[in-house]
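Got a structure open and wondering where its labels come from? Let's go through some of them, one question at a time.

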Amino acid sequence: MIEREILLEKMKTSPYKPMRGKIIQAYMLTEKEKFFRIELENKINLGHEPGQFVMVSLFGYGEAPISICSSPTDKGYFELTVRNVGLLTNALHKLGKGDIVGIRGPFGKGFPIDNMFGYDVMIVAGGLGIVPLRSLIRYIMHNRNDFGNVQILLGCRTPKELLFKDETKEWMKRAEIKLNCTVDRADEEWQGNVGLITTLIPGVDINPARTYCVIVGPPIMYRFVIAEVLKKSIPDHQIIVSLERRMKCGLGKCGHCQIEGVYVCQSGPVFNYAQLKNFKGECHEKAA
Amino acid sequence: MKYAVIKKEDLNKWLEHLKKKARLYAPRKKENLFIFRPVKDISEVCLDYIPTILPPKKYYYPQKEKLFRFKINPFKTSKAIPKFEDYILFGVHTCDIAGIQCMDVVFRENPEDPNYLNRKDKMIIIGLECLKYCDEYANCTSMGNHIPRGGYDLMMVDLGKAFIIHINSEKGEKLVTGLNYIKEAKEEDMLALERVREEKKKIFKEEFNAPLQKVYEAFDKSFNSPLWQEVGKKCVACGNCTAVCPTCYCFDVLDEMELSLNEGLRYRIWNSCQMDDFAKVAGGEDFRKGREARQRHRYYRKFKYPVDKFNRYFCTGCGRCTRTCMAGINLVETVNLLLKEAEK
């Protein structure tokens, strides 16, 4: 039983009420993805971990879970990258600098950054997967000497869909980070690798026991990438993924995000492969 | 006072008294079925009833619950429900009380749900113990919910000419004290209660072919059982089973605008894991595809997942899902088939 006074206090405030977030920067990254920089009232920090998400509200349209793409080391604001794919995101795309959105969160468990201290990090980003991973990459860059070797494998369908182009170029120039990029289909200007992201994995040089592999991408990508990574003998609990699910509350109540008995919004969205393995059949991302 | 007694001829007097104390909800007949309704006319209250179409969950977890009021420009949110009213649920069966206990566990878990807690705080439950089976669909004995297990303020048991009332809370005690027609129970009443309970043992028998622990183990083994294909083939994905379940609480969130298009309300509305878009994301991927997977999920949310998480079965044994199913999916039958299969 919870103490009555504590209970009464909690009953006064609602976790469903969003905070006011002001868009202070907004621009299109590609044809379909828009970037937003958002400031909370009094410029308070969101206080998130890389890998967490927020529920973005547009009154009259509803709410959707969106990954945070800035690092907690970026102070005074946070950033989101949104693909125009549904009712809410379509309305969100019409907003620009100065407009107000509702923000709840941050929610969920982020990447296990504390556990990753001292380890090498291999990041595999497919398509929109770079969005939550940008948060981790920026965090690592900011605390670079806490980590060992860092390499990023980046993949998307066509060069046009590549997100954070300028930032990626910057990362490529940096000596302390290795970045490899591939596209499924090249265009005339593309000079890099062509092929699925899985083709990059056999060639990477890692010390499996000392490496955390963080994978984020579309649902279809996981089982193939995980299978490749397992061939490298990285331990299960050092293979980290972030899963996308439908969500309505972020509070572990509404039921939409459940994988078997687990609420992704509370226990995830970040999981390790040892956890994934326990699922009996509802986790599409688990390697076959 | 621990036990009180009220003569049956005084029951209506008591109901009038309760009606004055708070908003009173009780079962009454609706065609050939029963429903919980606010009591206007005492004579409509019907205590000889089988589980109502909807459980009383509609009062503490409304189909459409106001979460908050909003204004777009300037951005503002405010309370949607200024004050929650006191209310009495009268004549609630022990299975439905078990349902309320399940909901308590869910909504008290961090992060707590203030809408539910506020409504629960205002609730007074007056239970009514069943002395015979409602019909062939219930499985309350297997779930251990055919006898009272707490979770109520008062519990009435029919002793023939009178009701004996177990007083289980201060709130409850206040409703039976100071009334000259409700008296403290005597030893003979206590003996009568004991006799009634003994008699019940002859009537209520476990409906599953094995104890609950075995049921849990069967579920643990049967995730990929072909039985789910069979259940899925029958299912028409109407969502009736989840709507009538006293422990189903999944919801959707919905905004409704006022005519000004600047102000509106955000609601939460009942949703069902049996709907085909329930686990579909904007990108199109459906994470629980097929009626067999969705039915399996419903069963696992009663007999497996909440046991792992809360050490509590989320089936109360009320039998509503079977009673309401248009496709004839029978819970007791499904569980018994699963038990049989797991034995192999």
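Q: What makes β2(B) and β6(B) a pair of strands?
A: In this predicted model, strand β2 (residues 23-30) of chain B and strand β6 (residues 87-92) of chain B are joined by 3 bridges. Pairing takes at least two bridges, so the two strands count as paired, and they run parallel. One partnership to look for is B:L24 with B:I88 in β6(B).

Q: How do you know that β2(B) also pairs with β3(B), and in which sense, parallel or antiparallel?
A: Count the bridges again: 6 of them join β2(B) to strand β3 (residues 33-38) of chain B, and here the strands run antiparallel. B:P27 has B:F36 in β3(B) as its bridge partner. The two strands form a hairpin with 2 residues between them. In that turn, B:E31 has a positive phi of about 50°.

Q: Why are β5 and β11 of chain B called edge strands?
A: Start with the sheet: it is open, has 4 strands, and follows the order β5-β4-β12-β11 (chain B) with antiparallel pairing. β5 (76-78) and β11 (251-257) of chain B each pair on one side only, and that makes them the edges. From one strand to the next, the twist averages 30°.

Q: What holds β12(B) to β11(B) in the pairing count?
A: 7 bridges join β11(B) to strand β12 (residues 263-270) of chain B, in the antiparallel sense. With at least two bridges needed, the pair qualifies. B:D252 has B:I269 in β12(B) as its bridge partner, and B:M257 stands opposite B:G264. These two strands also make a hairpin, with 5 residues between them, where B:L261 takes a positive phi near 60°.

Q: And how many bridges does β4(B) share with β12(B)?
A: 7, again antiparallel. Here B:F70 stands opposite B:G264 in β12(B). B:G264 also stands opposite B:M257.

Q: Why are α8(B) and α14(B) called roughly perpendicular?
A: Helix α8 (residues 212-221) of chain B and helix α14 (residues 331-343) of chain B have axes that cross at roughly 75° and come within 9 Å. The range for roughly perpendicular is 65 to 115 degrees, so the label fits. Among the residues making the contact are B:V215, B:A218 and B:F219 of α8(B), along with B:L338 and B:L339 of α14(B). By class, the contact has 7 nonpolar, no polar and 3 charged residues.

Q: What makes α9(B) and α11(B) roughly perpendicular to each other?
A: Helix α9 (residues 227-234) of chain B and helix α11 (residues 291-303) of chain B pack at about 105°, their axes 7 Å apart. That angle falls in the 65 to 115 range, and therefore the helices get the label. On the α9(B) side you'll find B:W228, B:Q229, B:V231 and B:G232, meeting B:R291, B:E292, B:Q295 and B:R296 of α11(B). This contact divides into 2 nonpolar, 3 polar and 3 charged residues.

Q: Why does B:K309 count as partly exposed?
A: B:K309 has 15 C-beta neighbours inside 10 Å. Buried would take 20 or more, and exposed would mean 12 or fewer, so B:K309 lands in between. You'll find B:K309 in helix α12 (residues 305-310) of chain B. Its C-alpha atom is 10.0 Å from that of B:V106, although the two are 203 residues apart along the chain.

Q: Where does chain B touch chain A?
A: 38 residues of chain B are in contact with 36 residues of chain A. Elements giving two or more residues to the chain B side are β4 (64-71), α3 (94-108), α4 (114-121), β11 and α12. The largest share, 5 residues, comes from β11(B). By class, that side has 22 nonpolar, 5 polar and 11 charged residues.

Q: How do you know that chain A agrees with a compact globule?
A: A compact globule of 288 residues would have a radius of gyration near 19 Å, and chain A has 19 Å, so the two agree. Its C-alpha trace spans about 60 × 45 × 35 Å along the principal axes. Chain A contains 8 helices and 15 strands, and buried residues make up 46% of the chain.

Conventions:
Residues are numbered from 1 along each chain as its sequence is written. Chains are lettered from A and ligands numbered from 1 in the order in which they are written. This is a predicted model: local features need pLDDT of at least 70, side-chain atom pairs count only at pLDDT 80 or more; totals for chains, interfaces and linings use all residues. The radius of gyration is taken over C-alpha atoms; the globule rule is 2.2 Å times the number of residues to the power 0.38. Axes are lines fitted to C-alpha atoms, for helices over the stretch in contact, and angles run from 0 to 180 degrees between N-to-C directions. Angles under 35 degrees count as roughly parallel, over 145 as roughly antiparallel, 65 to 115 as roughly perpendicular and the rest as oblique. Two residues are in contact if their C-beta atoms, placed from the backbone, lie within 7 Å. Ala, Val, Leu, Ile, Met, Phe, Trp, Tyr, Cys and Pro count as nonpolar, Asp, Glu, Lys and Arg as charged, and the others, Gly among them, as polar.
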